[in-house]
Amino acid sequence: MSVDRKINCFQCRHYFVTWDPDFPRGCRAYEFKTHMMPSAVVYSSSGQSCLKFEPKANRKPPK
């Protein structure tokens, strides 16, 4: 995985939306809630793109 690769949290199976208005986004893999996108927090904390990104499974079969 490239360090410069942008991670889209909306496409990750670990991303979730919280009920907390101060921390509306979360990551189950790293177990935290934040007001920013979780991948941006991981990058700013570690200097690496998220290493736990896993694409979501498709819910609908292709037509």
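**View 1. The buried cysteine C27 and its nearest cysteine neighbour in this predicted model.** C27 has a relative accessible area of 8%, and because this value lies under 20% the residue is classed as buried. The cysteine sulfur nearest to that of C27 belongs to C50 and is 5.6 Å away, and since a disulfide requires two cysteine sulfur atoms within 2.5 Å, C27 takes part in none. Seen from the other side, the nearest cysteine sulfur to C50 is that of C27, at 5.6 Å, and C50 is likewise in no disulfide. C50 is also buried, with a relative accessibility of 7%. By the distance rule applied here, the count of disulfides comes to zero.

**View 2. The largest nonpolar core, which includes C50 and V42.** Five residues make up this core, namely I7, C12, V42, C50 and F53. In soluble globular proteins, nonpolar side chains tend to be buried together. Leaving aside residues up to four places away in sequence, V42 touches Y30, F32, G47, Q48, S49 and C50, so that C50, a fellow member of the core, is also among the contacts of V42.

**View 3. The ring of Y30 beneath the charged end of K52.** Y30, one of the residues that V42 touches, has the charged end of K52 placed over its ring, at 5.1 Å from the ring centre.

**View 4. T34 in strand β3 and its surroundings.** Strand β3 covers residues 32-34 and contains T34, a residue that counts as buried because its relative accessibility is 6%, under the 20% limit. A polar atom of the T34 side chain lies 3.1 Å from the backbone nitrogen of M36. When residues up to four places away in sequence are not counted, T34 touches F23, P24, R25 and V41.

**View 5. The aromatic pair formed by F10 and Y15.** A search of the whole structure finds one aromatic pair, and its members are F10 and Y15, whose rings are 5.3 Å apart from centre to centre. The angle between the two ring planes is 75°, and the arrangement is therefore edge-to-face, a class that requires an angle over 60 degrees. The two partners fall into separate accessibility classes: F10, at 49% relative accessibility, counts as partly exposed because exposed residues must be over 50%, whereas Y15, at 12%, counts as buried.

Key
Residues are numbered from 1 along each chain as its sequence is written. This is a predicted model: local features need pLDDT of at least 70, side-chain atom pairs count only at pLDDT 80 or more; totals for chains, interfaces and linings use all residues. Side-chain values use heavy atoms; hydrogens and water are left out. A nonpolar core is a set of buried Ala, Val, Leu, Ile, Met, Phe, Trp, Tyr and Cys residues joined through side-chain atoms within 4.5 Å. Buried means under 20% relative accessible area, exposed over 50%, partly exposed in between (1.4 Å probe, protein chains only). Contact means heavy atoms within 4.5 Å. Helices (H or I, at least four residues) and strands (E, at least two) are DSSP runs, numbered from the N terminus. A polar contact is a pair of N or O atoms within 3.5 Å; within protein, one must be able to donate a hydrogen and the other to accept it, and residues adjacent in sequence count only if both atoms are side-chain atoms. Rings of Phe, Tyr and Trp (its six-membered ring) pair if their centres lie within 6.5 Å; planes under 30 degrees apart count as stacked, over 60 as edge-to-face and the rest as tilted. A charge sits over a ring if NZ of Lys or CZ of Arg is within 6 Å of the ring centre and within 35 degrees of the ring normal.
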